[in-house]
Amino acid sequence: MTRPDGYLLDNGRSEAGERFDAFATLFDPTTFRHLENLGVGPGTRCWEVGAGGPSVVSWLATKVGPSGEVVATDIDTSRLTAIARPPVRVRVHDVGADAPPSDGFDLVHARLVLVHVPERDRALRSMVAALRPGGRLLVEDADPALQPLVCPDEHGPEQRLANRLRHGFRALLADRGADLSYGRRLPRLLREAGLRDVEADVRFPLTSPACAALESATVRQIRADLVAAGLATDEEIDRHLAHVATGGMDLATAPMISAWGTKV
């Protein structure tokens with residue numbers, strides 16, 4: 001496949017809102033737990049990188065209060081305009097190409113972002129540089145290669161079809177520069193960036209209505225790309241979406257690895 005231009009999972013598509021809602025259900029409790037443990041509170045200055053939807057930004061705004069600040073950035077900020085009021089400041093920003101929006105942050109956080117950024121090494125350096133000494137970095141990213149199946153229990157034709165479509169999705173992501181093994185490297189990369197007290201854990205949703213909602217929205221969003229690349233037919237996609245809609249499939253996400261550390 002020739003590498004096309006543009007982000008495969010464009011925030012402007014109608015399915016993006018469904019995806020963000022599913023991510024919030026699946027991963028917000030884990031993210032909020034880590035942010036709490038990292039000491040987010042009144043007066044904290046935060047940079048939310050690649051914010052996408054509003055759930056994490058809104059939670060941070062409540063925690064930092066009027067004396068704090070939440071700078072929310074993304075290449076597409078259309079889903080953040082409704083919450084763009086103090087203490088939230090929204091900026092259009094490409095973390096892989098642009099300088100940090102400010103410096104001296106107490107906390108920098110990115111979730112499910114860097115795996116999609118071809119210039120992810122530069123992006124990580126930028127995030128570290130934006131921290132004050134003693135500031136904390138939390139990066140949470142997927143590792144689709146660590147667990148590549150949407151149906152780990154591949155016991156029938158419905159599951160085999162689902163896994164074949166997931167393979168096609170991964171191929172499209174890789175063709176656009178995504179690093180499908182990025183999550184597992186985060187602890188080492190944070191140490192190499194000079195952070196101390198680095199730790200990590202993983203969240204791996206296996207079966208839930210949110211997993212099914214995410215799968216349906218994702219397949220519908222990339223449908224034309226799958227067909228154009230010869231990775232699936234419209235009939236196969238319709239059949240898979242019908243299987244998902246029954247609610248009887250055990251659908252998984254890629255593991256999300258959370259890694260955090262402190263700037264010296």
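Me: At 22% relative accessibility, does Asp-225 count as buried, partly exposed or exposed?
Reply: This is a predicted model, where local features need pLDDT of at least 70, side-chain atom pairs count only at pLDDT 80 or more, and totals for chains, interfaces and linings use all residues. Side-chain values use heavy atoms, leaving out hydrogens and water, and residues are numbered from 1 along each chain as its sequence is written. Buried means under 20% relative accessible area and exposed over 50%, with partly exposed in between (1.4 Å probe, protein chains only). At 22%, Asp-225 therefore counts as partly exposed.

Me: Which residue forms a salt bridge with Asp-225?
Reply: A salt bridge is a side-chain nitrogen of Lys or Arg within 4 Å of a carboxyl oxygen of Asp or Glu. For Asp-225, the closest N and O atoms are 3.4 Å apart, and the partner is Arg-176.

Me: How far apart in sequence are the parts that Arg-176 and Asp-225 tie together?
Reply: Helices (H or I, at least four residues) and strands (E, at least two) are DSSP runs, numbered from the N terminus. In the salt bridge of Arg-176 with Asp-225, Arg-176 sits in the loop between α4 (157–175) and α5 (186–192), while Asp-225 belongs to helix α6 (residues 209–228), so the sequence separation is 49 residues.

Me: Which residue is linked with Glu-69 and Arg-89 in a network of salt bridges?
Reply: Glu-69 and Arg-89 form a salt bridge, with their closest N and O atoms 3.2 Å apart. Glu-69 is buried at 18%, whereas Arg-89 is partly exposed at 32%. The residue linked with them in the network is Arg-45.
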